[in-house]
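Subject: A structure for you to look through

Hi there,

Here is the structure I promised to pass on to you. Have a look around it first, and then read my notes below with the model open beside you.

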Amino acid sequence: MKINASLILAAVLMALTASAQNMRYGFTAGFQSCMAHDVGSRAGYKIGPSAQYSFSDNDRTAFLDFSLLLTAKGWSDDIMTAADGNSAEWKLRANYLELPVHIGYALPLNNDVRVIGTVGPYFAVGLWGNSSIGDDSTDDVKVFSDNFYQRFDCGWGLTIGAELHSHLRISAGFEMSVLNPMKNKMDFNPSDRNVSLAVAYLF
């Protein structure tokens with residue numbers, strides 16, 4: 001019984017070691033153009049740690065991609081003010097902690113370059129943000145704490161890019177929310193649609 005238990009423990013440890021060998025960790029940073037539905041665009045960013053689990057040790061392999069990103073999204077739009085009938089810019093910035101979980105595939109072109117493609121869902125929690133109209137700071141709204149925006153968001157995204165020398169990854173991505181972020185019903189739906197360019201380094 002002791003021998004069997006030792007063999008089982010050894011097998012479990014070997015499996016965990018093999019799994020750990022297929023894990024890579026790194027860091028991702030990028031810029032994005034936020035083109036929310038029904039309103040104008042605004043620049044944003046995303047930054048945070050990332051990880052990849054490969055299903056095999058081959059250069060040509062499927063993998064799971066994870067990140068935990070601080071991401072800034074938002075929009076701007078021209079509106080007519082009720083006070084004087086003039087046009088004013090309505091700006092909104094919403095900052096989220098976002099978890100994309102993508103499945104991907106790596107296709108080697110040569111010893112130093114692999115083409116990488118991923119697709120999958122993302123889940124996000126709103127942290128802070130503000131909305132303002134024109135230059136009047138009295139109209140500022142804290143988008144999450146003032147019950148203007150939903151705190152939870154989710155959607156899907158895809159990326160395509162290249163991995164250089166097994167470490168540096170450059171990718172372009174598209175991301176789209178499936179939820180209306182507004183808490184109260186309004187005549188527009190500024191759900192997120194983002195195009196991004198990102199750089200990641202995996203150890």
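Before we count anything, one definition: helices and strands here are DSSP runs, with at least four residues for a helix and at least two for a strand, and they are numbered from the N terminus. Please also keep in mind that this is a predicted model.

**The overall layout**

With that definition, the protein chain has one helix and 10 strands. Reading from the N terminus, the order of elements is α-β-β-β-β-β-β-β-β-β-β. The chain has 203 residues, and 37% of them are buried.

**How some of the strands pair**

A good place to start is strand β8, which covers residues 152–164 and pairs with β9 in the antiparallel sense over 10 bridges. Two of the facing residues are easy to find: F174 in β9 is the bridge partner of L158, and S171 in β9 is the bridge partner of G161.

Strand β8 also pairs with β6, again in the antiparallel sense, this time over 13 bridges. Here you can look for V125, whose bridge partner in β8 is F152.

Now go on to β10, residues 193–202, which runs antiparallel to β9 and is joined to β9 by nine bridges. S171 turns up again here, as this residue stands opposite A198 in β10.

Strand β9 itself (residues 168–177) has two faces worth colouring separately. On the covered face you will find R169, S171, G173, E175 and S177. The uncovered face holds L168, I170, A172, F174 and M176.

**The turn between β8 and β9**

Which residue in the hairpin of β8 and β9 takes a positive phi near 55°? It is H165, in a hairpin with three residues between the strands. As background, most residues other than glycine have a negative phi. That makes for a nice pair to inspect: the phi of H165 is positive although the residue is not a glycine, and S166 also has a positive phi, near 65°, without being a glycine. S166 is found in the loop between β8 and β9, and H165 has its place in that loop too.

Are these two residues buried or exposed? H165 counts as exposed because its relative accessibility is 53%, and the cut-off for exposed is over 50%. S166 has 37% relative accessibility, so it counts as partly exposed.

**Cysteines**

How many disulfides does the structure hold? The answer is zero. Two cysteines are still worth a click. C34 has 0% relative accessibility, so it counts as buried. C154 has a relative accessible area of 16% and is buried as well, because buried means under 20%.

**The nonpolar core**

The largest nonpolar core has 15 residues, and the members that touch the most others are W75, L92, F148 and Y149. Two elements, β5 and β6, give two or more residues to this core. Of the elements, β5 gives the most, with four residues.

**Empty space: a cavity and a pocket**

Rolling a probe the size of a water molecule over the atoms shows where empty space is left. The count comes to one cavity of 30 Å³ or more. In the largest cavity there is about 420 Å³ of space.

Its lining is made of 31 residues, and those nearest the centre of the largest cavity are K46, D65, S67, T159 and S171. The elements that give two or more residues to this lining are β1 (23–34), β2 (42–54), β3 (61–67), β5 (87–108), β6 (113–133), β8, β9 and β10. With seven residues, β10 gives the most to the lining of the largest cavity. By type, this lining divides into 14 nonpolar, 12 polar and five charged residues.

The largest pocket holds about 200 Å³ of space. It has 13 lining residues, and R24, S54, D57, N58 and R114 lie nearest its centre. What kinds of residue make up the lining of the largest pocket? There are eight polar and five charged residues, and no nonpolar ones.

If you would like one residue to tie the tour together, try S171: it lies on the covered face of β9, stands opposite A198 in β10, and is among the residues nearest the centre of the largest cavity.

Happy exploring, and do write back with questions!

Best wishes

How values were computed:
Residues are numbered from 1 along each chain as its sequence is written. This is a predicted model: local features need pLDDT of at least 70, side-chain atom pairs count only at pLDDT 80 or more; totals for chains, interfaces and linings use all residues. Side-chain values use heavy atoms; hydrogens and water are left out. A disulfide is a pair of cysteine sulfur atoms within 2.5 Å. Buried means under 20% relative accessible area, exposed over 50%, partly exposed in between (1.4 Å probe, protein chains only). Two strands pair if DSSP finds at least two bridges between them. On a 1 Å grid over the protein atoms alone, a cavity is a set of points where a 1.4 Å probe fits but cannot get out, and a pocket is an open set with protein on both sides within 12 Å along at least five of seven lines; lining residues have an atom within 4 Å of a point. Grid points are joined across faces, edges and corners, and a volume is the space filled by probe spheres set on the points. Ala, Val, Leu, Ile, Met, Phe, Trp, Tyr, Cys and Pro count as nonpolar, Asp, Glu, Lys and Arg as charged, and the others, Gly among them, as polar. A nonpolar core is a set of buried Ala, Val, Leu, Ile, Met, Phe, Trp, Tyr and Cys residues joined through side-chain atoms within 4.5 Å.
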